[in-house]
Amino acid sequence: LPWSRSSKRLDATQVSLQELVFRSEERRQKWITCCDASDLISKNGSAYAAILKLPVDEKLAYKVSIDLARTKMSEPVATEAWKTSLRNILTAFAQLDPETYYVQGMNFLAAELLEILSEEEAFWVFVQLMKRFHFRDCFRRGMIGLPPLFERLSDAVTRHDPALAAHFDQECLLPNTYAVKWFITLFTCKIPPPTSHLILDLFLQRGWDAILHIGLAFLILNRDALLKMPIEDIQVALEEIPNRTPFGEVLTQASKTLSADIARGIPSLVQLVDDA
């Protein structure tokens, strides 16, 4: 797994997520390198072209077309050619990995990659995201990768903000009612570029630990308001919080809780995946 290359960072007791953000001029190459996609891109150009020539069944074409209209598209990126590239990536992946196929949410991830990468680069990086970061488990039948993430988020809220956890319990609010989109899109359905780019930077280096603690930071930084709300209002607020919480504060808070968990010996999600 690519995370093994970052063992020194994983063992450090003090983590600064801000320091892991890539410079804009290096982001393209870093995304490719962190996914170990360089060889795929250089050696499989003909493979991608061949996949695109395969017939696309009507069900797949319809599902992708519907979600294209729902995908965030920033100007001036959102050209017709860009939409075609996004459609190509999503249908090609479904052809390459029929077990995972296409699931709503993938469109936001692929769109994020197309903000920085060429179509072919984005496709192979997307393939590696699904494979090497165990992302497929979040999309395959049953979404078996999500319940462990929900459990870890719930435990983290209890550990770092017991009062908020107690309020969520009282209101019967579980992570599976508000965090599905957070995890399967890495917040890209809620947070626009360029901030969304930073989240992918962190995911590629710290994996699911980064996403977990970013989500936790959104909750902690908005705890005072959330503690006063009933479940209906909390659910509405959690739809809006990721896009209106200053992201610099989010990174600072996420770094604190991640560092605290490392100091306490809480197993990282990286270790849990590696041991599975």
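**Exercise 1. Is L226 buried or exposed?**

Solution. The model is predicted, with local features requiring pLDDT of at least 70 and side-chain atom pairs counting only at pLDDT 80 or more, while totals for chains, interfaces and linings use all residues. Residues are numbered from 1 along each chain as its sequence is written, and side-chain values use heavy atoms, with hydrogens and water left out.

Begin with the location: L226 lies in helix α14, residues 223-226 (helices are DSSP runs of H or I with at least four residues, numbered from the N terminus). Next, take the relative accessible area, which is 0% for L226, so this residue is buried (under 20%, against over 50% for exposed and in between for partly exposed, with a 1.4 Å probe and protein chains only).

Finally, list the partners: neighbours within four places in sequence aside, L226 is in contact (heavy atoms within 4.5 Å) with residues including L164, H167, F168 and I234. Of these, H167 is 59 residues away in sequence, yet its C-alpha is 8.6 Å from that of L226.

**Exercise 2. Determine how helix α12 is set against helix α13.**

Solution. The axes of α12 (residues 195-206) and α13 (residues 208-221) come within 6 Å and cross at roughly 130 degrees (axes are lines fitted to C-alpha atoms over the stretch in contact, and angles run from 0 to 180 degrees between N-to-C directions). The pair is therefore oblique, the class left after under 35 degrees (roughly parallel), over 145 (roughly antiparallel) and 65 to 115 (roughly perpendicular).

At the contact, I199, L202, F203 and R206 of α12 meet W208, D209, A210, I211 and I214 of α13.

Notes: Helices (H or I, at least four residues) and strands (E, at least two) are DSSP runs, numbered from the N terminus.
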